[in-house]
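Biologist: Got a minute to walk me through this one? I'd like to get a feel for it before I go back to the bench.

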Amino acid sequence: MDSIVVRGNGPLNGQIPIAGAKNACLALMPATLLSDEPLTLTNAPRLSDIATMTQLLQSLGAEVTSMQDGQVQAMSCHGAINTRAEYDIVRKMRASNLVLGPLLAREGRAEVSLPGGCAIGARPMDIHTDGLAKMGAEIDLRDGYLHAKADGGKLKGAVIDFPFASVGATENILMAATLAKGTTVINNAAREPEIVDLATCLRAMGAQIDGDGTSTITIQGVDRLHGATHRVVTDRIELGTYMLAPAICGGEVELLGGSIDLVGAFCEKLDAAGISVEETEKGLKVHRKNGRIRAVDVVTEPFPGFPTDLQAQMMALLCTAEGTSVLEEKIFENRFMHAPELTRMGANIEVHGGTATVTGVDKLKGAPVMATDLRASVSLILAGLAAEGETRVGRVYHLDRGYEQVVRKLSGVGAQIERVHGE
Ligand code: UD1
């Protein structure tokens, strides 16, 4: 199994290009199931999660052609469709559940394996299934699979009130409603930029959608959707992650393709910590203001709040801040697995339930560490960039799920980082 070896070596300077959003692309790809005409995505990120979604769509009968080294995904789904999403693929990635809504909308039925346990919490599917049930789907759980069938073969529009603004449930219902009979209203919908990106693509395919980006989305069902070409929105989590590199190490880095509207709440916290963020023609420029990083408190929330997917990386920054920071994780119940690893590097962190208290230390020290999820892995790389000595991060396959060319991007701004094979 590969590892990544990082040595702390001072300030970082230069530019880092930010890829298209993994989480947007994972919702956009299943939209191909809604039409028998081609859907082409540009600015797609080159990640193993995208390869998993490709495999899943192919298993359902879609043709997926990857071009330009994976940055263009051309999909087509004109033939017969298999409505069963097998456990062998779904278990690799929770986002596989995003085929449920499109399959039900197109075929009036779907059998989708439940994704199973996940390192960062239980993550049930009740918000998805309750919403689809309101649209006339009968859903039951048998043999580990959700068996869903639309009453009369076609979903019907409904008013759906989400108990929580779930990203995945919003995406599933949004896609399902594009081909339903009548109007669907989603109340308490998620407002993430990835939802707006999906709605923009669906509109380009002929869907009638209003209100994406707000808490109420209205979808007027249409008879059919047509083909389209869509550019995937910038990955705000990759953006935020690399913004933290100069924040932690010093120096000045420009993040190409970045914009403040994607990371507003995160930028407010960076500012409070003493990190300057400036908009440029090409993106965002980040540097550390004079002096030590200041402690800040962080609460994770649905967009536009501070993203849970940047909590681990922010913790890496706060490990060497002056003072004590409190991080509250409100989205997932078990998302501090990086804390004990950071502690092995000399950080002072106490975790009680969903709250982590981080008391800044002068310096972290390199150590062999391991992570159990994607964002935790990258937080350990960030911490290693600022630590004394060598940090070796194991289980790199987590990183490959969500960060393309991490070694090339960070070494391009002067970081000492390499991938070591088979250790
Ligand atoms: C998406 C993102 C993930 C991010 C998360 C929150 C993708 C592919 N993944 O995940 O990176 O961390 O949003 O911003 O876009 N919940 C339920 N019942 C449900 C659905 C969710 O209780 O039916 C709970 C979950 O257990 C979790 C919370 O709601 O505690 C947030 O989940 P959700 O917004 O659905 O996240 P995902 O779409 O899975």
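**Helix 4 and onward**

Modeller: Let's start at the end of a helix: right after helix 4 comes Gly108, with a positive phi near 75 degrees. Keep in mind that this is a predicted model.

Biologist: Okay, and how many of the eight residues of helix 4 are buried?

Modeller: Six of the eight, so helix 4 (residues 100-107) is largely enclosed by the rest of the structure. The buried ones are Leu100, Gly101, Pro102, Leu103, Leu104 and Ala105.

Biologist: What covers the buried residues of helix 4?

Modeller: The cover includes helix 2 (48-60), helix 5 (126-134) and helix 6, along with strand 7 (109-113), strand 8 (137-142) and strand 9 (145-150).

Biologist: Let's take helix 6, then. How many of its residues are buried?

Modeller: Eleven of the twelve residues in helix 6 are buried, so to speak of it as mostly covered is fair. The buried stretch includes Gly168, Ala169, Thr170 and Glu171, and Thr178 is on the list too.

Biologist: How far does helix 6 reach from its first C-alpha to its last?

Modeller: 17 Å, which is close to the 16 Å expected at 1.5 Å a residue. At the start of helix 6, a side-chain oxygen of Ser166 comes within 3.0 Å of the backbone nitrogen of Ala169.

Biologist: You listed a Glu among the buried residues. What is the nearest side chain of opposite charge to Glu171?

Modeller: Arg236, at 8.2 Å, and Glu171 has no salt bridge despite being buried. Setting aside residues up to four places away in sequence, Glu171 touches Asn23, Ala27, Leu98, Glu194, Ile195 and Leu198.

Biologist: And which residue does Arg236 form a salt bridge with?

Modeller: Glu194, with the closest N and O atoms 2.8 Å apart. That pair links distant parts of the chain, since Arg236 is in helix 8 (residues 236-249) and Glu194 is in helix 7 (residues 193-204), 42 residues apart. Both Arg236 and Glu194 are buried.

Biologist: Any other pairs worth a look? Where do Asp271 and Lys289 lie?

Modeller: Asp271 and Lys289 form a salt bridge, 3.0 Å from N to O. Asp271 is in helix 9 (residues 264-273) and Lys289 is in the loop between strand 17 (283-288) and strand 18 (298-299), so the pair ties together parts 18 residues apart in sequence.

Biologist: Asp271 and Lys289: buried or partly exposed?

Modeller: Partly exposed: Asp271 has a relative accessibility of 43%, and Lys289 has 35%. Another pair is Glu390 with Arg392, whose closest N and O atoms are 3.9 Å apart. Glu390 is partly exposed at 36%, and Arg392 is partly exposed at 28%.

Biologist: How many salt bridges does the count come to?

Modeller: The count is 26. There is also a network of salt bridges that links Arg46, Asp69, Glu238, Glu404 and Lys409.

Biologist: Changing topic: what about Glu329, where does that lie?

Modeller: Glu329 is in the loop between strand 19 (324-328) and helix 11 (338-344). Glu329 is buried and has no salt bridge, with Arg335 as the nearest side chain of opposite charge, 5.2 Å away.

Biologist: Why doesn't that 5.2 Å pair count as a salt bridge?

Modeller: Because the cut-off for a salt bridge is 4 Å between a side-chain nitrogen of Lys or Arg and a carboxyl oxygen of Asp or Glu. Glu329 does make a polar contact with the side chain of Thr308, at 3.0 Å. Residues that Glu329 touches include Thr300, Gln311, Phe336 and Gly354.

Biologist: Now the greasy part. How many residues are in the largest nonpolar core?

Modeller: That core has 77 residues, and those with the most contacts inside it are Leu57, Val99, Met135, Leu155, Leu174 and Leu202. Helix 6 (residues 167-178) gives the most to this core, with six residues. Apart from it there is another core, of 69 residues, including Ala245, Ala247, Phe306 and Tyr403.

Biologist: Which residues is Val99 in contact with?

Modeller: Leaving out neighbours within four places in sequence, Val99 contacts Pro30, Leu33, Leu56, Leu57, Leu60, Ala85 and Val112.

Biologist: Last one: where is Thr216?

Modeller: Thr216 is in strand 13 (residues 216-220), and it is partly exposed at 35% relative accessible area. Its C-alpha is 8.8 Å from that of Ala190, 26 residues away along the chain.

Notes. Residues numbered from 1 in each chain as written. Predicted model: local features only at pLDDT ≥ 70, side-chain atom pairs only at ≥ 80, totals over all residues. Heavy atoms only, no water. Core = buried A, V, L, I, M, F, W, Y, C linked by side-chain atoms within 4.5 Å. Buried < 20%, exposed > 50% of the residue type's maximum accessible area, 1.4 Å probe, protein only. Helix = DSSP H or I, 4+ residues; strand = E, 2+ residues; numbered from the N terminus. Contact = heavy atoms within 4.5 Å. Lys, Arg positive; Asp, Glu negative; His and termini not counted. Expected span 1.5 Å × (residues − 1). Polar contact = N/O pair within 3.5 Å; in protein donor to acceptor, adjacent residues only side chain to side chain.
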